[in-house]
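The following explanation leads a new reader through one protein model. It is best read with the sequence and the structure in view.

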Amino acid sequence: MPALHDPLLIFTDLDGTLLDSHTWDWQPAAEWLSRLGQQQIPIILCSSKTAAEMMALQKSLGLQDLPFIAENGAVIHLDTHWQDHPDYPRLINGASHDEVVQVLTRLREQHGFKFTLFSELEDRVLAEVTGLTPTQAGLARLHEASETLIWRDSDERMNNFRSALKGLGLRFMQGARYWHVLDQRGGKDQAVNWLTSQYRQRDGHPHTTIGLGDGPNDAPLLDNVDFAVVVKGLNRDGVTLTNDDPDRVYRTTLKGPAGWREGLDHWLGDS
């Protein structure tokens with residue numbers, strides 16, 4: 001079992017995990033955020049959100065200066081103290097946003113797939129669709145190495161679409177509410193492992209890693225940490241893990257930030 005006095009790294013998804021899926025509230029997690037901060041334990045946000053969205057959220061959560069993983073791992077923003085790193089301030093894994101969009105547009109024209117890209121919508125329209133404010137919607141459109149889309153076609157056509165993307169070196173990932181396309185060289189798994197290795201090199205010792213997530217696209221994150229928390233989510237398919245050993249994985253009974261708190265209570269509550 002991990003403990004607060006161990007060298008820890010916390011990797012956490014946002015929507016439906018640290019943030020309520022509907023209200024974006026995180027107050028049920030506030031006590032643990034404060035406690036981890038006092039122990040100087042890095043809390044690394046890991047999400048499908050853009051870097052612009054993540055930086056705004058970091059500030060509201062009091063986590064600025066720490067690294068984060070954006071766009072499902074296609075973008076890794078480095079710790080502000082790592083200015084000597086050759087990839088500072090941000091590492092882009094694989095194809096750029098423009099390159100991804102070009103592929104998506106071409107596939108739609110050639111095969112008639114029905115979907116709408118976030119980048120095709122004005123801020124006002126995207127805000128109406130997602131429930132974000134227009135300002136938040138503007139940040140949500142600032143992809144650097146992936147694209148988010150609203151799927152409007154059948155499940156059968158989705159399988160064909162996924163296969164076509166795979167053949168072109170792209171991942172098609174289901175998030176809490178929308179779908180995401182990124183380079184196969186990106187991903188939450190690669191990003192988590194890369195950041196963990198960076199911390200080991202800089203601190204001179206290994207770290208115990210804890211990951212928290214609620215959706216299918218969090219499985220790569222949760223499969224690549226020492227201890228996992230599957231927060232009860234809204235997705236009908238749930239989260240399927242390669243290693244679902246209860247000695248390593250805890251599934252919460254509560255949703256959102258209350259589930260986030262429950263998960264840390266389970267792994268670290270006796271510390």
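**A helix across a sheet**

Helix H7 (residues 188-203) lies across strand E1 (8-12), strand E2 (43-46), strand E3 (68-70), E4, E5 and strand E10 (208-213), and runs at about 160° to E1. The model in which this arrangement appears is a predicted one.

The strands that H7 touches belong to a wider assembly. An open sheet of 8 strands is present, with the order E5-E4-E3-E2-E1-E10-E11-E12 and mixed pairing. At its edges stand strand E5 (90-92) and strand E12 (249-255); each has a single partner strand, so one side of each is left without a neighbour in the sheet. On average, and with direction ignored, neighbouring strands of this sheet are turned by 15° against each other.

Two pairings illustrate what "mixed" means in this sheet. In general, the strands of a sheet pair through backbone hydrogen bonds, in either a parallel or an antiparallel manner. E1 and E2 run parallel and are joined by 3 bridges; within this pair, threonine 12 has leucine 45 in E2 as its bridge partner. Strand E4 (residues 75-77) and E5, by contrast, run antiparallel and are likewise joined by 3 bridges. Here histidine 77 has arginine 90 in E5 as its bridge partner.

How do the side chains of E2 point? Ile43 and Leu45 point one way from the strand, while Ile44 and Cys46 point the other way, and all are buried. As a general rule, side chains in a regular strand alternate between the two faces of the sheet.

**The second sheet**

A further open sheet consists of 4 strands in the order E6-E7-E9-E8, with antiparallel pairing. Its edge strands are strand E6 (115-117) and E8, each of which pairs on one side only. From one strand to the next, the twist averages 30°. Helix H6 (residues 155-167) packs on this sheet, where it touches E6, E7, E8 and E9, and its direction makes about 145° with that of E8.

Strand E9 (residues 179-183) has pairings with two strands of this sheet. With E8 it pairs in the antiparallel sense over 5 bridges, and with strand E7 (residues 146-151) it pairs, again in the antiparallel sense, over 4 bridges. Individual residues can be followed across these pairings. On the E8 side, arginine 171 has leucine 182 in E9 as its bridge partner, and glutamine 174 stands opposite tryptophan 179 in E9. On the E7 side, threonine 148 has histidine 180 in E9 as its bridge partner.

Why is E9 described as largely enclosed by the rest of the structure? The reason is that 5 of the 5 residues of E9 are buried. The edge strand E8 (residues 170-174) is also largely enclosed by the rest of the structure, because 4 of its 5 residues are buried.

**Helices and their surroundings**

Attention now turns to the helices. Helix H1 (residues 30-38) and helix H9 (residues 256-268) pack at an angle of about 45°, and their axes are 9 Å apart. The two helices are therefore oblique to each other. On the H1 side the contact involves Trp32, Leu33 and Leu36, which meet Trp260, Arg261, Leu264, Asp265 and Leu268 in H9. The residues of this contact divide into 6 nonpolar, no polar and 2 charged.

Helix H1 also contains glycine 37. Its relative accessibility is 44%, and glycine 37 therefore counts as partly exposed. Between the C-alpha atoms of glycine 37 and glycine 62, which lie 25 residues apart along the chain, the separation is 8.8 Å.

Helix H4 (residues 123-130) shows how burial can be arranged around a helix. Its buried residues are Leu126, Ala127 and Thr130. Seen down the axis of H4, these buried residues fall within an arc of 105°, so they line one face of the helix. The general geometry is that an α-helix has 3.6 residues a turn, so residues three or four places apart point the same way. Helix H5 (134-140) is included in what covers the buried residues of H4. Just after H4, glycine 131 takes a positive phi of about 85°.

Terms used:
Residues numbered from 1 in each chain as written. Predicted model: local features only at pLDDT ≥ 70, side-chain atom pairs only at ≥ 80, totals over all residues. Heavy atoms only, no water. Buried < 20%, exposed > 50% of the residue type's maximum accessible area, 1.4 Å probe, protein only. Pairing = 2+ DSSP bridges. Axes fitted to C-alpha atoms, helices over the stretch in contact; angles between N-to-C directions. Parallel < 35°, antiparallel > 145°, perpendicular 65-115°, else oblique. Contact = heavy atoms within 4.5 Å. Nonpolar A, V, L, I, M, F, W, Y, C, P; charged D, E, K, R; others polar. Arc of directions from axis to C-beta.
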